[in-house]
Amino acid sequence: MTIQLLKNDEVVRQTTVSRSSAAAFVATLSLEHVHPGKYTLQVFAVDSEGATSAPVDLPLRLHR
């Protein structure tokens, strides 16, 4: 799974979680030095052969 924090279609933060089975997981994405505003949280999976799933986008607003 790849998790990206996007602002205006540019990647601000990214993390990758390796899983061998389909199950719930927890991932950490640092928001240090990220300014308040509107972002998109995007999640997608890549299998061992390199095939990518359709991304799932979630609007996100950060406040300080």
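The largest pocket in this predicted model encloses about 210 Å³ of space. Its lining comprises 14 residues. Those nearest the centre of the pocket are Met 1, Val 17, Arg 19, Ala 45 and Val 46. By residue class, the lining of the largest pocket consists of eight nonpolar, four polar and two charged residues.

The secondary structure of the protein contains four strands and zero helices, and the order of elements from the N terminus is β-β-β-β. Strand β3, spanning residues 37-44, takes part in two pairings, described in turn below. With strand β1 (residues 2-7), β3 pairs in the antiparallel sense, and five bridges connect the two. Within this pairing, Leu 5 is located opposite Leu 41 of β3. Strand β4 (residues 56-62) also pairs with β3 in the antiparallel sense, here over seven bridges. Gly 37 faces Leu 62 of β4 as its opposite residue.

Overall dimensions and surface were also computed. The C-alpha trace of the protein extends about 40 × 20 × 15 Å along its principal axes. Of the 64 residues in the protein, 20% are buried. The exposed area of the protein amounts to about 5000 Å², of which 52% is supplied by carbon and sulfur atoms. When contacts in the protein are restricted to residues at least 6 apart in sequence, 42% of them join residues at least 24 apart.

Note on methods. Residues are numbered from 1 along each chain as its sequence is written. This is a predicted model: local features need pLDDT of at least 70, side-chain atom pairs count only at pLDDT 80 or more; totals for chains, interfaces and linings use all residues. Side-chain values use heavy atoms; hydrogens and water are left out. On a 1 Å grid over the protein atoms alone, a cavity is a set of points where a 1.4 Å probe fits but cannot get out, and a pocket is an open set with protein on both sides within 12 Å along at least five of seven lines; lining residues have an atom within 4 Å of a point. Grid points are joined across faces, edges and corners, and a volume is the space filled by probe spheres set on the points. Ala, Val, Leu, Ile, Met, Phe, Trp, Tyr, Cys and Pro count as nonpolar, Asp, Glu, Lys and Arg as charged, and the others, Gly among them, as polar. Buried means under 20% relative accessible area, exposed over 50%, partly exposed in between (1.4 Å probe, protein chains only). Contact means heavy atoms within 4.5 Å. Accessible areas come from the Shrake-Rupley method with a 1.4 Å probe; for residues, only the protein chains shown count as cover. Two strands pair if DSSP finds at least two bridges between them.
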